[in-house]
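Okay, thanks for making time, everyone. I'll put the structure up and then walk through it piece by piece.

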Amino acid sequence: MREVRVRFAPSPTGALHIGGVRTALYNYLLARKHNGKMILRIEDTDQNRYVPGAEEYIKDALKWVGIEIDEGPDMGGPYTPYRQSERKDIYAKYTQQLLNDGHAYYAFDTSEELEAMRNRLKTQKGANPQYDSATRMEMKNSLTLAEDVVNEKIKNGEPYVIRLKVPAAEEVELNDLIRGKVTVNTSQIDDKVLMKSDGMPTYHLANVVDDYLMKISHVIRGEEWLPSAPLHVLTYKFLGWENEMPAFAHLPLLLKPDGKGKLSKRDADQLGFPIFPLNWTDPKTNELAEGFKERGYLPEALINFLAFLGWNPGTEQELFTLEELASAFEIERIGKAGAKFDIQKANWFNQQYLRAKTDEQLGQILIADLKKEGIDCETGKAKAIASALRERITFPKDIAELGKIFFIAPTSFDEKIASKKWNQEAITVMAALRDEIKKSGSLTTETAQTILEKTTTQLSIPQGKIMQALRLALTGGASGPDLMIAMALLGGDEVSARLTYALETLGEK
RNA sequence: GGUCCGUUCGUCUAGGGGUUAGGACACUAGAUUUUCAUUCUAGCAACACGGGUUCGAUUCCCGUACGGACUACCA
């Protein structure tokens, strides 16, 4: 088998979509599995859609999820440059070859003329409204115009494009690694523009030329390319590269969670989850789209989740590191059908990976988040809080959100719980408990438990009846970590102060 | 409209001519946790439809339906 060389070839037209991240991931996994190379190629041949900052964003996003690039615009490589706008003369050379061999031709039709042709054909039953073997002889091109007229037009600087001369009726076969044999008749393919009037190649030409020159072994890309893949095969043939043609694998699309159709930013916004890996500010609208990173998703969780959207190892293992994914990955195990994007599963992965962190790591997250709110927390305490909270967090920010109660006393109380649980019994116990705690000095998980037991037995009130009232008094809410641990973390003084405040505020009603 | 691609629980999927069609997320219930969460156990729940082929089809073939992609001097 030849050296595995794959490429991720995004267009810098905006933020990298989550689907693009998955495409990059599958490419990367194949490269890693076979000790091959991962190439980043920037496909910036459309000057109208170019968005400043997009290329940087793409690189940052790949870096964040852990996809490493072996060759690309920044680090270079044996087939430099890796930005298509810098390869114009290369494309010109091969376009000329195609022209010389009679596989391509000049076309001078204006956009109005093209539109008129399409409109005319649309009304005819059975006709494809496209520039192809059936229509090209009616158009203005080097096939219909005399040679000297063509030369004259070019000399005068008239705008022209170069089109591929697709044969009339041939079966073009393509063996897709995911879909198997795909056959298309050339009568369905139009004479695609290879070179635009601004001298830039189109995707169809640039992608074939670059994949060949960069010795790409596998083209793994989205399903939206499947219909034009036969055209690319044809181009390889015309260029004489049929034997070096890469293998193709067209990935199923990522679909919207509800309903039908492919996942769009709109759907994500509506359902309240990100679609870009990192924060992205649209330079046109100045609108900020929050990224998975900023939303609290761990890169390893996102990757694991994404990998399973359309692929699975065939075993029952669900949690995979990037390295494990790479060794388990097989193109043949990629599914054919589109996968709906289920953010709940992503959340579950995130929870799994977050919990796998140590108390130290979680404690550091807590310290950093608290600092933003002007709260200082020493590492020992942070670790203890993290340990108490670790089972109840999905996102890193949850630690500080839940842990805040250890630093900020409640100023208000959940009314529902108060009306249900703050009764005479509770008040009696709370008051007694406060007095006991005041006397006892320091508080540990064990002493808190002992004091609570002692107090409730003395008053002969079952503990279970007042636990929620106690939590309410201490935290203002109805849920949280183990109460004894919470009391020890708070310390005797703070506990009695909070009990006093609760007794005063909630009163006897 | 045309071309191409697809269709197993609500979702991600395993499987594959004879299976109690398996797992995970979500959901529901019970246990544990003197609360909540966690954890554990159980439950709910799927082969789009119609024809073939076959002793037998969810699996193979053909249609139909539905869905998607493409149909630009965008990628």
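When I say helix or strand, I mean a DSSP run, at least four residues of H or I for a helix and at least two of E for a strand, numbered from the N terminus. On that basis chain A has 21 helices and 13 strands. And keep in mind that this is a predicted model.

So, overall dimensions. Chain A has a radius of gyration of 32 Å, where a compact globule of 509 residues would come out near 23 Å. Along the principal axes, the C-alpha atoms fill a box of roughly 110 × 50 × 40 Å. Buried residues are 39% of the 509 in the chain. If you take contacts with a separation of 6 or more, 73% of them link residues 24 or more positions apart.

Now the inside. Nonpolar side chains tend to be buried together in soluble globular proteins. Here the largest nonpolar core has 132 residues, and Leu25, Leu302, Leu366, Ile399 and Met430 have the most contacts inside it. Helix 1, residues 18-33, gives the most to this core, with 9 residues. What does Met430 touch, leaving aside its neighbours within four places in sequence? The list is Ala469, Leu470, Ala473, Leu499, Ala502 and Leu503.

On to the strands. There's an open sheet of 3 strands, in the order 3-4-7, with antiparallel pairing. Strand 3 (104-107) and strand 7 (193-195) sit at the edges with a single partner strand each, so each has one side without a neighbour in the sheet. On average, neighbouring strands of this sheet are turned by 45 degrees against each other, ignoring direction. Strand 4, residues 161-164, is joined to strand 7 by 2 bridges, and Ile162 stands opposite Met195 there.

Then there's a hairpin, which takes strand 5 to strand 6 through 3 residues. Strand 5 (171-176) and strand 6 (180-185) run antiparallel and share 6 bridges. Glu173 faces Thr183 across that pair.

Strands 5 and 6 come up again with helix 7, residues 229-238, where 7 of the 10 residues are buried. Those are Pro230, Leu231, His232, Val233, Leu234, Thr235 and Phe238. They pack against helix 3 (88-100), strand 4, strand 5, strand 6 and helix 6 (203-213). Just after helix 7, Gly240 takes a positive phi of about 80 degrees.

Next, the RNA. Which residues are closest to RNA strand B? Out of the 58 that surround it, the closest are Glu43, Ser197, Lys260, Ala337 and Gln463. Helix 19 (463-475) is one of the elements giving two or more residues to that surface, and with 5 residues it gives the most. Strand 6 from the hairpin is on that list too, along with others including helix 4 (111-122) and helix 12 (343-355).

Last, some backbone oddities for those of you who like checking torsions. Thr80 and Pro81 are joined by a cis peptide bond, with omega about -5 degrees, and Pro81 is in the loop between helix 2 (54-65) and helix 3. Lys215 isn't a glycine, yet has a positive phi of about 55 degrees. Lys215 lies in the loop between helix 6 and strand 8 (218-222), and counts as partly exposed, with 15 C-beta neighbours inside 10 Å. Asn286 also has a positive phi, near 65 degrees, in the loop between strand 11 (280-281) and strand 12 (288-289). Asn286 is exposed, with 7 other C-beta atoms within 10 Å.

Note on methods
Residues numbered from 1 in each chain as written. Chains lettered and ligands numbered in written order. Predicted model: local features only at pLDDT ≥ 70, side-chain atom pairs only at ≥ 80, totals over all residues. Core = buried A, V, L, I, M, F, W, Y, C linked by C-beta atoms within 7 Å. Buried ≥ 20, exposed ≤ 12 C-beta atoms within 10 Å, placed from the backbone. Contact = placed C-beta atoms within 7 Å. Pairing = 2+ DSSP bridges. Rg over C-alpha atoms; globule rule 2.2 N^0.38 Å. Axes fitted to C-alpha atoms, helices over the stretch in contact; angles between N-to-C directions. Near = placed C-beta within 6 Å.
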